[in-house]
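Work through the exercises below with the sequence and the model open. Try each task before reading its solution.

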Amino acid sequence: MRLLIAMMMHETNTFSPVPTDLQRFALGLGQLPLQGAAAVQAYRGTGTATGAFIDLVEAAGAEFELAIAAHAAPSGPVHNEAFDAMTQTIVQAVARGGWDGILLDLHGAMVTQSFEDGEGELLRRIRAVDAHTLIGVAYDMHANLYDDMVALAQVVAGYQTYPHVDMYETGLRAGKPLLRLLAGEVQPTSAWARLPMIPHVMRQSSLDEPNRSLQARARQMEQEGALTASVFTGFPHADIENAGLSVVVVTDGQPALAQQLRDELLRMAWDSRAQWVYPVEPLAQSVSRAKAMTVSPVVVLDHYDNASSGGTMDTTAVLAEILRQGLRNVAFFAIFDPQAVQQAIAAGIGQRVSLSVGGKMAMPLMPHRSAPLQLEGVVKVISAGKYRAKGPMSQGAHQDMGAAVVIDTGAVEVALISRHVEPFDVNALMSLGIDPLQKQFVVLKSRVHWRAGMGSMAAAVVECAGAGACTSDYSELVFKHLRRPIYPLDPQADAGL
Ligand SMILES: [Zn+2]
């Protein structure tokens, strides 16, 4: 038995000004996405769906090839040239033939300069050269589903946790039914549908309601016999027709049951719609509330500018407010500013510097802009910025923040980095010599994923409405292509359930 594996992952924020070229998919390990043996070496044994596919296929005694492992941090629409290059690599491998099955590790919210459903277009291109080889796909919980993303594959499974600590399990959930299908043991049949609803990302954590119960029910359905049951909370920062919540259920040859289970999950999600709405607190009020806290560490979230949702990671509104209100013993991760990093490196360790940081990337689709901030301090750390995730999210996977420095203002240790990386893992800080447990305040440009690696250490959490392309204030986003009416933009939206 021979299986083809491929990874092509990007969550596209159509409001983000951060460009998405081919090099962004290279993870800093080279100029191009990894292929073949190098890709296997990078992902074997990691807590990713691709890691699970490799384990699964090897355990089955089958041969495999990993065509490409392309993964880019979220950003603006994928450039056509990058998309064509990645899909061509996969399609050429498919076209060589001799495959019993294909396992794809995709995100599900990839928008390209030409296609609202990058994953759907990949599957259409695969089907154009191979109409029959059976396909299993693992998607992220933030996938925005289109019909071809489900219809052109035999098995679809989505993450059931956010923070995403079940990428590996999702790979198994997508891969095992496909292997059983190849063995003639099951006949998968899928049912999917979407709701007229775009849940706020800050209300999507599966550690909290309403998503906790929803995902638990999906897991229960699988224990009761569904091949897969997946609730996709969707990614709202995508101005496309199908952004928002959707459900896919795959059963063994029981289409009516698949529809019935799908509808049950849709009804649960729709009935809880008011709980998916995020109330915004003014920034100065949030920072002052944090300052008054006596427990430590207090995690302060600069969540409008999360690199894992398409943020430029160079907005300075929250850092400026923290400095203005005089908070002390603060770690700030991080401002993306390769230029300031190089200036600090040129000055050298222990030197006092005055740097203009952040605010360098225009955000033409946002109603606000973030000014650069003049930062005075001592260069405390200089680092190559490479580390491996401690886990549980992406455990063991390579992370790369590029050349990085820590500037110590006396009150705040500010990390400056050269590649976008979300601080979902404690090693983002530890690799820069910052122990979050020694800090009164730990400021993270993150929304939910930080809870994977650092949630257990937080004595309190304060969410700050800063500035950025992943604003949690929908009134700052202008949707032109999204289907309407849709909740909560249109409170009268009706799901027809
Ligand atoms: Zn996600």
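**Exercise 1. A strand and its partners**

Which residue stands opposite Ala415 in S16? Then place strand S16 among its neighbours.

Solution. Keep in mind that this is a predicted model.

Step 1. Val406 stands opposite Ala415.

Step 2. Look at the pairing around that position. Strand S15 (residues 404-408) pairs with S16 in the antiparallel sense, over 4 bridges.

Step 3. Check the connection. S15 and S16 form a hairpin, with 3 residues between them. Gly410 sits in the turn and has a positive phi of about 100°.

Step 4. Find another partner. Strand S10 (residues 330-336) runs parallel to S16, and 6 bridges join the two. Here Phe332 stands opposite Val414.

Step 5. Ask about cover. In S16 (residues 412-417), 6 of the 6 residues are buried, so the strand is largely enclosed by the rest of the structure. Val412, Val414 and Leu416 point one way, while Glu413, Ala415 and Ile417 point the other way.

**Exercise 2. The core and the two domains**

Identify the residues that touch the most other members of the largest nonpolar core, and say where this core lies.

Solution.

Step 1. The core has 165 residues, and Leu416 and Val443 touch the most other members.

Step 2. Domain 1 (2-276) and domain 2 (283-471) both give residues to the core, so it lies between them.

Step 3. List contacts of Leu416, leaving out residues up to four places away in sequence. Among them are Ala334, Ile335, Val357, Val405 and Ile407.

Step 4. Now take the domains as wholes. Their centres, taken over C-alpha atoms, are 30 Å apart. In domain 1, 28 residues are in contact with 34 residues of domain 2. The domain 1 side of this contact divides into 15 nonpolar, 13 polar and no charged residues.

**Exercise 3. A helix length check**

Test whether the length of helix H6 (residues 167-182) agrees with 1.5 Å a residue.

Solution.

Step 1. H6 has 16 residues, which should span 22 Å.

Step 2. The end C-alpha atoms are 23 Å apart, which agrees.

Step 3. See which residues are covered. The buried ones include Met167, Tyr168, Arg173 and Leu179.

Step 4. Look past the end. Just after H6, Gly184 takes a positive phi of about 80°.

Step 5. Turn to helix H10 (residues 317-325). Its buried residues include Val318, Leu319 and Ile322. Gly326 follows H10, and its phi is positive, near 75°.

**Exercise 4. A strand covered on both faces**

Determine which residues of strand S7 lie on each face, and find its partner.

Solution.

Step 1. In S7 (residues 228-232), 5 of the 5 residues are buried.

Step 2. Thr228, Ser230 and Phe232 lie on one side, with Ala229 and Val231 on the other.

Step 3. S7 runs antiparallel to strand S8 (residues 246-252), and 5 bridges join them. Val231 has Val247 as its bridge partner in S8.

**Exercise 5. A residue in a loop**

Locate His79 and describe its surroundings.

Solution.

Step 1. His79 is in the loop between strand S2 (63-71) and helix H3 (80-96).

Step 2. Count neighbours. Within 10 Å there are 17 other C-beta atoms; buried needs 20 or more and exposed 12 or fewer, so His79 is partly exposed.

Step 3. Leaving out residues up to four places away in sequence, His79 touches Thr20, Asp21 and Gln113.

Step 4. Compare with the chain. His79 and Val111 are 32 residues apart along it, yet their C-alpha atoms are separated by 9.3 Å.

Definitions and conventions:
Residues numbered from 1 in each chain as written. Predicted model: local features only at pLDDT ≥ 70, side-chain atom pairs only at ≥ 80, totals over all residues. Core = buried A, V, L, I, M, F, W, Y, C linked by C-beta atoms within 7 Å. Domains from an automatic or database assignment. Contact = placed C-beta atoms within 7 Å. Expected span 1.5 Å × (residues − 1). Pairing = 2+ DSSP bridges. Nonpolar A, V, L, I, M, F, W, Y, C, P; charged D, E, K, R; others polar.
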